[in-house]
Amino acid sequence: MDFYKKAAEAVEKVLNKQTSVKTFAHSKRLLAVVVETLKYQDVLKQLIEITDLLSKERKAIKFAKPQGNPIFLVMVLLHDLLFSKRQAIEAGQGPIKDAILRHKTRLRGELTKLRVRAGVTTNEELGRKAESAAELIPRYVRINSNRISLDDAIAEMKKAFGLAEYTGDDMPIPADKYKIVKHIPNLVAVHASLSQRITSHTLYTNGRVILQDLASCMPPVVLLHELVGESKKEGKRRANEVEDDGLENVGTVIDGTAAPGNKTTLLSALMRNKGKILAYEHVPKRYETLEKMVAMAGCQNVETVLGDFTKCDPKSRTDVTHILLDPSCTGSGIVNRLDYLTEQENDDKEAQDERMSALSAFQETIIGHAMKFPNVRRIVYSTCSIHEEENESVVMSTLIQHPEFNLAGRQSCLKDWPTRGHSEPFGGDSVKAESVIRCTPGTDLTNGFFVACFDRIDSAGGVADDGHKQAGQADAQPAKKRRKNKKKSAKSAKNIIIV
Ligand SMILES: C[S@@+](CC[C@H](N)C(=O)[O-])C[C@H]1O[C@@H](n2cnc3c(N)ncnc32)[C@H](O)[C@@H]1O
């Protein structure tokens, strides 16, 4: 019975968000029972209720001494009896097993009725289904050019994982194929099932490749657009290769919100490990992770700073020309392949709205601080949120308060990326909406993401290059009024996590 007690405890912890399913990856058997019980949790709960098992067998259940809520122990036992391959409770003996077996015939009968009611013929069809968008998202492998070339990395991946190049467009990518991603230099997509093999290989453990979502690679590429060639090698496999020149025009680059360091290490690679990057992180534990990642990725041009970026005096840093800001957000765009197992109705909308208001106020503050650096030419702002309140609305409000900056045009903002921003928060200005990038899990095969790029208007080449109006001219809501309305419009907030 110990195995089932462990599994029951695991299911309860996962559902209470005290741990994630992945914690149990060390034991295949335990992981399988936990995932499968979660998958059939709705129907298992219905069966327990219909048969009144908890009160009818109270004594036997108590005798088993479950760690937490007894319903979870009954759920894992019922799972094995009704949904496992052998349809039997195999591990352990005891009064609770005998008690459940006494109800076997009734339970099977009720399960048949549930299938009929749902209009399905198999038990499988009664389980929760994975979100199809999440299923299709590949694993993106960023080749860290600080440590290895694209060609060498691909040769090693072909050998280690038996991969061949995939030129098709149908998703998911076949498990024995890789695909070069055209929008980002040195990025390769593979089937998600390869993740574990990659993370145990020296390519990964030596920092030669980094697993990083396509969307997360966008902000550094937009920030250092001038170093990344987009058109010169058109038609070739690697259309976005890093250019050889242009570094002399880039001063110090700041990553204001850096840990764990995915974007910092990409900035470092795009600068070919030259020049200078200051990477700020104010949470000590996360700062430790940042330091480790920067060292692992072989970044010699990164100086990490344990501290609050908003406390850095802009006047003391006249050398700074580019700033990347990827601040804390709701994380509502993050698609987890296992989320469907733990999704529950969340009715604390008011708390979520308040949190989003606080976050968007902070997001505006941190961008405003970056704009005070006297020689900063380009600032990229990004979130892994899908909410306009943290995205277009933050950008619009910032533009109104800082007329010395404009949005960089689509031309220098991954122009070929098809999904762009929403125009309503920009007062209907479709050029502004086109200038910003959105990533939508269902259509773009990435996590939900947002990127905007501000250029200082009076700097050489810094004005938006497709001629849209200055921000103050747009008739969007002023920031104060917008904030008042935030509570109302943020009603759809889901999955609030702060990273
Ligand atoms: C979304 S995460 C950044 C992820 C990172 N850009 C990456 O790609 O790996 C935001 C980080 O910014 C940090 N942060 C938030 N406000 C900060 C501030 N004022 N100064 C420095 N770090 C900050 C948070 O602690 C968190 O680690």
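How many of the residues of helix α13 (residues 214-223) are buried? In this predicted model, the count is 10 of 10, and the helix is accordingly described as mostly covered. The buried set runs through Leu214, Ala215, Ser216, Cys217, Met218, Pro219, Pro220, Val221, Val222 and Leu223.

A second helix invites a similar look. Helix α6 spans residues 70-82, and 11 of its 13 residues are buried, so the rest of the structure largely encloses it. Among the buried residues of α6 are Phe72, Met75, His79 and Asp80, along with several leucines, including Leu73, Leu77 and Leu82. The geometry of α6 can be checked too: at 1.5 Å a residue, its 13 residues should span 18 Å, and the C-alpha atoms at its ends are indeed 18 Å apart, so expectation and model agree.

At the level of the whole protein, the assignment gives domain 1 (2-126), domain 2 (132-211) and domain 3 (243-492). Between domain 1 and domain 2, the C-alpha centres are separated by 38 Å.

Turning to the ligand, its surroundings comprise 20 residues, with Thr257, Asn262, His282, Phe309 and Asp326 the closest. Two elements, α14 (262-270) and β7 (277-281), each contribute two or more residues to this shell. In terms of chemistry, the shell divides into 8 nonpolar, 7 polar and 5 charged residues.

Another site worth a visit is Cys384, which carries the annotation "active site" in an unreviewed UniProt entry. This cysteine sits in the loop that links β10 (378-383) with α17 (392-401). Is cysteine 384 buried or exposed? The cut-off for a buried residue is 20 or more C-beta neighbours within 10 Å; cysteine 384 has 24 such neighbours inside 10 Å and therefore counts as buried. Leaving aside residues up to four places away in sequence, cysteine 384 touches Cys329, Gly331, Gly333 and Ile334, as well as Asn447, Gly448 and Phe449.

A loop position is also found at aspartate 429, between β11 (405-407) and α18 (430-435). Aspartate 429 counts as buried because 21 C-beta neighbours lie inside 10 Å. From aspartate 429 to phenylalanine 373, the separation is 56 residues along the sequence and 28 Å in space, taken from C-alpha to C-alpha.

Methods:
Residues are numbered from 1 along each chain as its sequence is written. This is a predicted model: local features need pLDDT of at least 70, side-chain atom pairs count only at pLDDT 80 or more; totals for chains, interfaces and linings use all residues. A residue is near a molecule or strand if its C-beta atom, placed from the backbone, lies within 6 Å of it. Helices (H or I, at least four residues) and strands (E, at least two) are DSSP runs, numbered from the N terminus. Ala, Val, Leu, Ile, Met, Phe, Trp, Tyr, Cys and Pro count as nonpolar, Asp, Glu, Lys and Arg as charged, and the others, Gly among them, as polar. The expected span of a helix is 1.5 Å times one less than its number of residues. A residue is buried if 20 or more other C-beta atoms lie within 10 Å of its own, exposed if 12 or fewer, and partly exposed in between; C-beta atoms are placed from the backbone. UniProt positions are given in the numbering used here, feature names are shortened, and annotations may be inferred rather than shown by experiment. Two residues are in contact if their C-beta atoms, placed from the backbone, lie within 7 Å. Domain bounds come from an automatic or database domain assignment.
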